Every structure is written in C-alpha cells, then in structure tokens.
Amino acid sequence: LEAVRLDSAIKAREAALKQLQKTRRRLHQACMREVQLGSRVKVLEAEIGSVESERKRVHTMLKSAACPSESERERALKAQYEERLKDLRTQLTALKTQQQAA
C-alpha cells in the first residue's frame with residue numbers, strides 16, 4: 001500500500017515537472033520573441049530618425065539654394081520622405097502592437 005502511494009506521488013511529481021518544463025520553454029520562446037520585436041522596434045525608430053534628419057538636411061539645403069519658389073523637385077523629395085516616414089511609422093505601430101500582445 002505504501003509503495004503504491006509513493007509510486008503515484010512520484011508519477012504526480014514527474015507530471016508536474018514535465019508541465020513546468022513545457023511552461024518554461026513557452027516562456028523562453030515568448031521572451032525571445034519579445035527581444036526580437038524590441039530590437040526590430042529600435043531599428044525602425046533609428047531608421048525613422050535617420051529619414052527625418054535626412055529630410056531636414058535636404059529641406060535646409062534646398063532653402064539655402066536661394067530659390068524663391070518651391071520647385072517640382074523639392075515637392076517630389078518632400079513627398080518621398082513623407083511617404084517613407086508614414087510607411088516606417090506604420091511598421092513601428094504594428095510592431096509595438098505585436099509587442100504588447102506578446
């Protein structure tokens with residue numbers, strides 16, 4: 001009787017240990033996903049900063065060219081930078097949403 005009780009206690013502990021190991025693996029995978037999402041967010045934020053500073057640099061350069069009116073090229077460059085920033089910000093928002101869901 002004692003041996004049966006000990007055997008079932010051992011089996012229960014083994015089952016609990018397996019469950020803990022599964023939970024540990026899932027947590028580790030979730031942490032790794034979080035780290036990957038976090039680094040992708042940082043890369044996107046850096047790229048947004050880079051595009052914004054490039055846009056400002058080009059804008060300043062074009063303004064200092066002493067052109068009284070905005071040229072077609074200036075408008076095209078502005079539109080290009082704005083579109084790129086919009087795209088990057090959309091990607092960043094999507095990543096942050098994923099990050100919060102994880």
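**Exercise 1.** What span should the 30 residues of helix 2 (residues 72-101) have at 1.5 Å a residue, and how far apart are its end C-alpha atoms?

*Solution.* The model is predicted, and every value here is computed from it. Start with the expectation: at 1.5 Å a residue, the 30 residues of helix 2 should span 44 Å. Then turn to the model, in which the end C-alpha atoms of helix 2 are 43 Å apart, which agrees with the expected span.

**Exercise 2.** Determine which residues of helix 2 are buried, and name an element that covers them.

*Solution.* Buried means under 20% relative accessible area. By this criterion, the buried residues of helix 2 are E74, L77, Y81, L85, L88, L92 and L95. The next step is to ask what lies against them, and the cover of these buried residues includes helix 1 (2-63). For the protein chain as a whole, 15% of the 102 residues count as buried.

**Exercise 3.** Work out whether the protein chain is spread out or compact, beginning from its secondary structure.

*Solution.* The protein chain has two helices and zero strands. Its radius of gyration is 28 Å, whereas the globule rule gives 13 Å for 102 residues, so the chain is more spread out than a compact globule. The spans of the C-alpha trace along its principal axes, about 100 × 15 × 15 Å, can be set beside this result. As for contacts with a separation of 6 or more, 81% of them join residues 24 or more positions apart.

**Exercise 4.** Describe the surface and the charges of the protein chain.

*Solution.* The accessible surface comes to about 8,200 Å², and 58% of it belongs to carbon and sulfur atoms. The chain carries 22 positive and 14 negative charges, whose mean positions are 6 Å apart.

Key
Residues numbered from 1 in each chain as written. Predicted model: local features only at pLDDT ≥ 70, side-chain atom pairs only at ≥ 80, totals over all residues. Heavy atoms only, no water. Helix = DSSP H or I, 4+ residues; strand = E, 2+ residues; numbered from the N terminus. Rg over C-alpha atoms; globule rule 2.2 N^0.38 Å. Buried < 20%, exposed > 50% of the residue type's maximum accessible area, 1.4 Å probe, protein only. Contact = heavy atoms within 4.5 Å. Areas by Shrake-Rupley, 256 points an atom, 1.4 Å probe, with all protein chains shown as cover. Lys, Arg positive; Asp, Glu negative; His and termini not counted. Charge placed at Lys NZ, Arg CZ, Asp CG, Glu CD. Expected span 1.5 Å × (residues − 1).
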